[in-house]
Structures are given as C-alpha cells and as structure tokens.
Amino acid sequence: MYKKNAIIIGSSGQDGQLLENYLKNLKYEVIGINKNNFNIFEKKKIDKLVRDLQPDEIYFLAAYHSSSEGTSNFNVELNYKVNYLSAVFFLDSIKRYSTHSRFFFASSSFIFKTSKISINEKTEYSPSSLYGLAKVASMNACKFYREKYKIFACVGILFNHESKYRKNDFLSKKIVEAAVEIYLKERKKKLHINNLQAKVDWGFAPDYIDAIYKITNAKGPSDFIVATGKLNTVKKFAKIAFSYLDLDFTKYIEEEKKPKYDNFRVGDSSYLKKTCNWNTSISFQEMVEKLVSDELESKIINSYKKSS
C-alpha cells in the first residue's frame, strides 16, 4: 500500500507540531525541517532533498516575525530570507525535480491593513510591516509558479489561531499563563495589557491545521482566507480565562495608559468553506477554556516532575 510523504518546513513551531501529528494520524511519512536540522537558505541542499524524497506535499510554515520590527534589533535580511527567498527555493526545486509535489505556503492576515469590514481573497494587499511585505512577495511567487509552470502552489492566509503550543511572547499565551500562575499562587504581580478593547479574529489552531490540509488536497490550487469571521475583545478573552479558574480578571490585569485604537482585521472564509467543506469545531469560549485547561495540566505535570 502506497504511503504518502510530506515535508514540513517550520516543524518546531505551533502549526508545525500540530500538522505533523495530524499527518501522522493519516499514516503519512513526515519529514520535519526546522532551523536546528536543516538550512533552508542552501539551494543545493533543498534541490537534493526534493529530488531524493519526491514528496507528495510540502508545507512551508517557517516564518520570521519579530515584535522588534521597527527597532535596531529587527533583522531585515533574515525576514526576507525566511519569509520569501527560501519559499522560492522550494518552489524552484519542485519545478526542476518533483512537479507532482503540492506546495502550501502559510501567509498571514498582516498582508492586509486594518479594516472595519470583512476581508476576503479579493481584498487588496496593503502590508504595514516588512513581515507582511515578504509574505505578499511569496504569495506572488506561488501565483507565478502556479500559472507559468502549472505547479500546485496554494496559499492559506491565516488569521490569529491559538493552541497550547503558542510561544510566550503572544498575548493569548501571556493571559492564559498569568491566570494559571495566579491560580497556583506562583505569581503575585499584575499582568499589564495595552488595550483590553482591542478586537481580534481568534481561532483554534487545530481547526486551522485541518484547513491547511484541505487546501493542499483541494481539486485545484488557490489562495484561501482562514478565519472565524468573528471578533472578540482582549477583555472577553481575559474574562473567560480567569473565570474558568474562579478568578476575577479585573483584580489581576492592569490596562496601560497608552493611546487606544479601534481598528481590526476580521476574515471571511466563505470561499474556503464552500470549496473545501471546512468549518470551525469549537466556540471562542470553548477554545479559551481549553487553553487554560491545557496550561494548568502542563504546569501541574512539570511541578510534579521537578519535585519527584
């Protein structure tokens, strides 16, 4: 029996870990690539990898996205090498050595400006960051290889999505972690948040992995918005997270006295739902409660390991 194989570039991140588990459950052979085991800037190595493996699917999830953009700490060269150049290297290797391979590129809602109306696939790109600019360049590369060389190069424009694998510098993780640490009496200081009224289109990451797989295995390649289409405030996120642990969030969160904004990005996934029969599996409240539950379980397990 033939066993499909896939390469995941960016396998150590949130989406990479979830996708690897998802594909292995489908009996795929998975080759996970991350910055510790493979250099995605070396074209010859990429050529050899693609030529030798002849992968059925390649998922490009690698990203360089730093909160320090606009400061001297931001690495402009790395931004374009990770978010654009390496993606083109893989597309070119597919063209040369494995034209049957399907290529998925993970883009971001940051390719759009904030808006009062829903964003869909026809909305004009208007990146406000170098990160977004590099993502647009890679999307154009996908379109180029798709149209000129008939490569199956598809794109998922991913809006915010959360899971227990989120890194600590994300707001969602900061809120969940603070709630659990306060509940376990491991933290006394308040959590400072800039804007509790900020609105976010937040989704459950495992649902977005399902979307990524369905996009890559659709009848034809295209670009798709992956979003819930629903806005929730940071305040609501915090309230649910703390309430799940019978805590009053107002006692533990302090809002910064900084200028506030009322702009947001909300996605319209109608095209994805119609084309790929995709939908979300849990509500916003269920997602936040699961994030807290997972974090609490992780903290308790780690505490037990340290004491034993």
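**Exercise 1. Place strand 10 beside its partner and find where its side chains go.**

Strand 5 (residues 152-158) pairs with strand 10 in the parallel sense, over 4 bridges. Two strands pair if DSSP finds at least two bridges between them. Strands are DSSP runs of E with at least two residues, and helices are runs of H or I with at least four, numbered from the N terminus.

This is a predicted model: local features need pLDDT of at least 70, side-chain atom pairs count only at pLDDT 80 or more, and totals for chains, interfaces and linings use all residues. Residues are numbered from 1 along each chain as its sequence is written, and side-chain values use heavy atoms, leaving out hydrogens and water.

Step 1. Take Ile157. Its bridge partner in strand 10 is Ile225.

Step 2. Sort the side chains of strand 10 (residues 223-226). Ile225 points the way of Asp223, while Phe224 and Val226 point the other way.

Step 3. Check burial. All of them are buried, meaning under 20% relative accessible area with a 1.4 Å probe, protein chains only.

**Exercise 2. Describe the lining of the largest cavity.**

Step 1. Set the term. On a 1 Å grid over the protein atoms alone, a cavity is a set of points where a 1.4 Å probe fits but cannot get out; lining residues have an atom within 4 Å of a point.

Step 2. Size it. The largest cavity holds about 70 Å³ of space.

Step 3. Find the suppliers. Helix 5 (171-183) and helix 9 each give at least two lining residues. The lining includes Ser172, Lys173, Leu291 and Asp294.

Step 4. Classify. The lining divides into 2 nonpolar, 2 polar and 6 charged residues.

Conventions
Buried means under 20% relative accessible area, exposed over 50%, partly exposed in between (1.4 Å probe, protein chains only). On a 1 Å grid over the protein atoms alone, a cavity is a set of points where a 1.4 Å probe fits but cannot get out, and a pocket is an open set with protein on both sides within 12 Å along at least five of seven lines; lining residues have an atom within 4 Å of a point. Grid points are joined across faces, edges and corners, and a volume is the space filled by probe spheres set on the points. Ala, Val, Leu, Ile, Met, Phe, Trp, Tyr, Cys and Pro count as nonpolar, Asp, Glu, Lys and Arg as charged, and the others, Gly among them, as polar.
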